[in-house]
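Student: Please take a close look at one part of this structure with me, and go slowly, as I am new to it. I would like to begin with the chain as a whole and then follow that part step by step.

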Amino acid sequence: MDASVVAVAGVAVSGFLGGFFVGIGIGRLDGRLADRLGSRWHQRVTVLFSVVPFSIAAGAAALGGVEPRVGVAALASTVAVTVAGWVAVRLAETCYVDSITDDDPVATWQWEPPGNTWLYGIFVVVWLLDGVKYAVSGRWMASIAVAGFAISWLCIAVDEGVWQFERMGATPAIRVHEAGLVIQRPFRRSIVLWEDVSHVRLRDDELVFDRGFFDVRFDRDEVADLEAVQTDIERILERVQIDGFRLLPR
């Protein structure tokens, strides 16, 4: 790789690390920042907008508008910022869930995250091998691009709990709290708020939580006894109504 490319990439990485540590400092000054950021999906998505300038620069290099070395640094930065942003978003979401579910769960069921372990593995291995092949031939933009795809699939597999590691992370489960239904993955948690759910129903071996365009579904391969889960949730919601909570689905 040309020395100038390494220099440009070094500047980009230095800037990224600087922003990373500044973000940590801001987070420490505002202890509720992560909770607010993780409360709604549209707030979390804004974090990923920081990748746009790097993506534009990488696209311009691919079209011949800027020097290739700038494109290599921009594309590498795109991959790095995307992964870091994704991790930050998931951590913020988990912090938010923890902040509103400090009560003991009313009920807990074992849950198996959906996804084909081997399929994810095939994609990651194939793209990594392509990345090595392109790097050997000096096609750095292509190498970084396919390596980025491999890293993305790896992150998704770990994030969604498709890949689980012995003695690492929490046991996947779904838990009922006063605020909503918590989906526990090995390394993060998400929540379905009762106030966002319009209906809970069992359809074609799927337990469906209706909430507009973003339904949440569990099939029988994920949760063994869907009927029991549905019955327990309906009983819990009835009790919530009797106790005077306002979190019963509309």
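Tutor: A residue counts as buried here when its relative accessible area is under 20%. By that cut-off, 34% of the 250 residues of the protein chain are buried in this model, which is a predicted one. The chain has eight helices and seven strands, and its accessible surface comes to about 14,400 Å², with 63% of that area belonging to carbon and sulfur atoms. If we take the contacts of the chain with a separation of 6 or more, residues 24 or more positions apart account for 59% of them.

The part to look at closely is the packing around helix α5, which covers residues 68-100, and we can begin with helix α4, residues 52-62. The axes of α4 and α5 lie 8 Å apart and make an angle of about 145 degrees, and the crossing of these two helices is left-handed. On the α4 side the contact is made by Phe54, Ser55, Ala57, Ala58 and Ala61, which meet Gly71, Ala74, Leu75, Ser77, Thr78 and Val81 of α5. Sorted by class, this contact of α4 with α5 has seven nonpolar and four polar residues, and no charged ones.

Helix α5 also packs against α7, this time at an angle of about 10 degrees and with the axes 9 Å apart. Angles under 35 degrees count as roughly parallel, and α5 and α7 are therefore roughly parallel to each other. Here Gly71, Val72, Leu75, Ala76, Val79, Val83, Trp86 and Arg90 of α5 face Trp140, Met141, Ile144, Ala145, Gly148, Ile151, Cys155 and Asp159 of α7. The residues of this contact divide into 12 nonpolar, two polar and two charged. You may notice that Gly71 and Leu75 of α5 are listed in the contact with α4 and appear again in the contact with α7.

From α7, which spans residues 140-159, we can move on to α6, residues 117-136, since this pair packs at an angle of about 160 degrees with axes 8 Å apart. Because an angle over 145 degrees counts as roughly antiparallel, α6 is roughly antiparallel to α7. The crossing of α6 and α7 is left-handed. Among the residues that make the contact are Tyr120, Phe123, Trp127 and Tyr134 of α6, together with Trp140, Val146, Phe149 and Trp153 of α7. By class, the contact of α6 with α7 has 16 nonpolar, two polar and one charged residues. Trp140 of α7 thus comes up in the contact with α5 and also in the contact with α6.

Following the chain beyond α7, we come to glycine 169, which sits in the loop between α7 and β2. Setting aside its neighbours within four places in sequence, glycine 169 is in contact with Pro186 and Phe187, and its C-alpha atom is separated by 8.0 Å from that of arginine 185, 16 residues apart along the chain. Further on, valine 197 lies in the loop between β4 and β5, and valine 197 counts as buried because its relative accessibility is 0%.

Definitions and conventions
Residues are numbered from 1 along each chain as its sequence is written. This is a predicted model: local features need pLDDT of at least 70, side-chain atom pairs count only at pLDDT 80 or more; totals for chains, interfaces and linings use all residues. Side-chain values use heavy atoms; hydrogens and water are left out. Helices (H or I, at least four residues) and strands (E, at least two) are DSSP runs, numbered from the N terminus. Buried means under 20% relative accessible area, exposed over 50%, partly exposed in between (1.4 Å probe, protein chains only). Contact means heavy atoms within 4.5 Å. Accessible areas come from the Shrake-Rupley method with a 1.4 Å probe; for residues, only the protein chains shown count as cover. Axes are lines fitted to C-alpha atoms, for helices over the stretch in contact, and angles run from 0 to 180 degrees between N-to-C directions. Angles under 35 degrees count as roughly parallel, over 145 as roughly antiparallel, 65 to 115 as roughly perpendicular and the rest as oblique. A crossing is left-handed if the near helix is turned anticlockwise from the far one by less than a right angle, and right-handed if clockwise. Ala, Val, Leu, Ile, Met, Phe, Trp, Tyr, Cys and Pro count as nonpolar, Asp, Glu, Lys and Arg as charged, and the others, Gly among them, as polar.
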